[in-house]
Amino acid sequence: FYFYSAPENFNEEMLRGKRVIVTGASSGIGEQMAYHLARMEAHLLLTARTEAKLQKVVERCLELGAASARYISGSMDSPSLPEQVLREAENTWGGLDMLILNHIGQSGFTYFSGDVGHVRKLLETNFVSYVALATAALPMLKESEGSIVVVSSIAGKIAGPFTAPYSATKFALDGFFSSLRQELIIDKVNVSITLCILGYINTESAVRAVSHVIPDTPAPKEECALEIIRAGVLRRRELHYPGSSVGTMLLLHSIAPELLDSIVRSSYRLENVQRT
Ligand SMILES: NC(=O)C1=CN([C@@H]2O[C@H](COP(=O)(O)OP(=O)(O)OC[C@H]3O[C@@H](n4cnc5c(N)ncnc54)[C@H](OP(=O)(O)O)[C@@H]3O)[C@@H](O)[C@H]2O)C=CC1
Ligand SMILES: C[C@H](CCC(=O)NCCS(=O)(=O)O)[C@H]1CC[C@H]2[C@@H]3C(=O)C[C@@H]4C[C@H](O)CC[C@]4(C)[C@H]3CC[C@]12C
C-alpha cells in the first residue's frame, strides 16, 4: 500500500500551493529548504527562536515567489510550542501537506562532560518536540495524505566520538519514527515518513563546531536542502546525503564496525578537541 502510493519522479511543480511547515528555518539547511520551497510556490510556516532572522527569511521567501510565508518564534524545549505551531497551520490553511522537522538545540563537539541536564534538555529539543509536532500534525496529514520529513544525521546511525548527547537524540528519532512508519502502514494510513541521514554539511554552525577537528570538505547546504525536499515529495523511507560517503559509512558499519570506528578516530585531529 505504502509502496504504490509513492510518485516515481520529482517535479518542482509538485510543491506548488502545498502547505509546508519547516522548523529550524532561520539558518543553515532549514533556511535553504525555505528558499527552495518558496521558489516552488509553496505556502510556508517557518519556526526558530530568533525573530529577527525569521523575519528576513520570510521576506526573502516572499520575494522568491512563496504562495504565502509566515513564522512563529519560540524555543522547541517549551512543551506548548508544537501545539501552537500546528494550531496556526490549521487556522490559516485549514490543513497541512508536509511537516519538515529540522531544528536542533546547541551542543558542542567535545568529550562528554557529564552534564546530564544538557542531555535531558537536548532530548526535549531534538527529540520530544519532534514527537509532539508530528502527533499534533497527524490528523491534518491523514486528511491530506501528506508527509513527515525527519532530518537526522549519520551520527544517528553510527556513533562517533564527541557527539554523545546529540547522537543519542538522533538515534531516538530513528527508533520512534521507524516504528511509527510501520504502524501507519499496518493501519493503511497514507502518511509517509522520510528519515534523512546527512553527513557533514557546510552550514555555519557545523563548520564552526568541527572544522578544526575534521579535515573533510563539507557538502553544500543548498543541494542538501533540495535533496531533502525531493525525498519527502517522493515519499522515500530514507535519504542518504551525500550518498557516496554516507552509503560507504553505513555499509562498512554493517560489515566491519570496529574497523570503521578506528578509521573515524584516526581521521580526526584529536589534539584540537577542547575539553570542557
Ligand atoms: N550541518 C551538518 O553538518 C549536519 C546537520 N544535520 C542536521 O541538519 C539539521 C539542520 O542543521 P544545520 O542547518 O546545520 O543547523 P543550524 O544550526 O544552521 O540551524 C539550526 C536551526 O534550529 C534553530 N534552533 C536552535 N535552537 C532551537 C531551539 N531551542 N528551538 C527551536 N529552534 C532552535 C536555529 O535557529 P535559532 O537559533 O534562531 O533558534 C536554526 O534555525 C539538524 O537536524 C541537524 O541535526 C545532520 C548532519 C550533519
Ligand atoms: C564529519 C562527521 C561524520 C564522520 C566522518 O568521518 N565523515 C566523513 C563522511 S561524511 O562526510 O559523509 O560524514 C559528521 C557527520 C555528522 C556531523 C554532525 C552533525 O550531525 C551535525 C551536528 C550539528 C551541530 O551544529 C554541530 C556539528 C555536528 C555535531 C556535526 C559534526 C560533524 C559530523 C559528526
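**Entry 1: Ser-147**

I began with Ser-147 and asked whether this residue is buried or exposed. In this predicted model, its relative accessibility comes to 4%, and because buried means under 20% relative accessible area, I wrote Ser-147 down as buried. I then looked up where Ser-147 sits along the chain, and found its place in strand E5, which runs over 147-153.

Next I asked which side chain makes a polar contact with the side chain of Ser-147. The partner I found is the side chain of Ser-192, at 3.0 Å. I also listed what Ser-147 touches, leaving aside residues up to four places away in sequence, and the list includes Asp-97, Met-98, Leu-99 and Leu-141, as well as Gly-232 and Arg-235.

**Entry 2: Asp-97**

Since Asp-97 appeared among the contacts of Ser-147, I turned to Asp-97 next. I found Asp-97 in the loop between helix H3 (81-93) and strand E4 (98-101). Its relative accessibility is 12%, and I counted Asp-97 as buried because this value falls under the 20% cut-off.

What lies 2.8 Å from a polar atom of the Asp-97 side chain? I traced this distance to the backbone nitrogen of Arg-19. Beyond residues up to four places away in sequence, Asp-97 touches Lys-18, Arg-19, Leu-141, Ser-144, Gly-146 and Ser-147. I noted that Leu-141 is on this list and is also on the list for Ser-147.

**Entry 3: ligand 1**

I moved on to ligand 1 and asked how many residues surround it. I recorded 30 residues, and the closest are Ser-26, Arg-49, Thr-50, Tyr-166 and Thr-203. By class, I noted 12 nonpolar, 16 polar and 2 charged residues in this shell.

For individual atoms, I looked up three distances. The side chain of Ser-27 has an N or O atom 3.2 Å from an oxygen atom of ligand 1, while at Ile-104 a backbone N or O atom lies 3.2 Å from a nitrogen atom of the ligand. At Ile-201, a polar backbone atom is 2.9 Å from an oxygen atom of ligand 1. On its own, ligand 1 has 880 Å² of accessible area, and the protein covers 91% of it.

I then checked which elements give two or more residues to this shell, and wrote down helix H1 (28-39), helix H4 (116-144), strand E5 (147-153), helix H5 (164-186) and helix H6 (204-210). Strand E5 gives the most, with 3 residues, and this is the strand in which I had placed Ser-147.

**Entry 4: ligand 2**

For ligand 2, I counted 17 surrounding residues, the closest being Ser-153, Ile-154, Tyr-166, Asp-216 and Ser-245. The shell has 11 nonpolar, 5 polar and 1 charged residues by class.

Which side chains have a polar atom 2.6 Å from an oxygen atom of ligand 2? I found one such atom in Ser-153 and one in Tyr-166, and for Ser-245 the corresponding distance to a ligand oxygen is 2.7 Å. The protein covers 86% of the 670 Å² of accessible area that ligand 2 has on its own. The elements that give two or more residues here are H6 and helix H8 (243-255), and H6 gives the most, with 4 residues. Tyr-166 is named among the closest residues for ligand 2, and I had already met Tyr-166 in the list of the closest residues for ligand 1.

**Entry 5: confidence**

Last, I looked up how confident the predictor is. The chain averages a pLDDT of 96, and 98% of the residues score at least 70. For the complex, the predictor gives an ipTM of 0.94 and a pTM of 0.96.

Key: Residues are numbered from 1 along each chain as its sequence is written. Chains are lettered from A and ligands numbered from 1 in the order in which they are written. This is a predicted model: local features need pLDDT of at least 70, side-chain atom pairs count only at pLDDT 80 or more; totals for chains, interfaces and linings use all residues. Side-chain values use heavy atoms; hydrogens and water are left out. A residue is near a molecule or strand if one of its heavy atoms lies within 4 Å of it. A polar contact is a pair of N or O atoms within 3.5 Å; within protein, one must be able to donate a hydrogen and the other to accept it, and residues adjacent in sequence count only if both atoms are side-chain atoms. Accessible areas come from the Shrake-Rupley method with a 1.4 Å probe; for residues, only the protein chains shown count as cover. Ala, Val, Leu, Ile, Met, Phe, Trp, Tyr, Cys and Pro count as nonpolar, Asp, Glu, Lys and Arg as charged, and the others, Gly among them, as polar. pLDDT is the predictor's confidence in each residue, from 0 to 100. Buried means under 20% relative accessible area, exposed over 50%, partly exposed in between (1.4 Å probe, protein chains only). Contact means heavy atoms within 4.5 Å.
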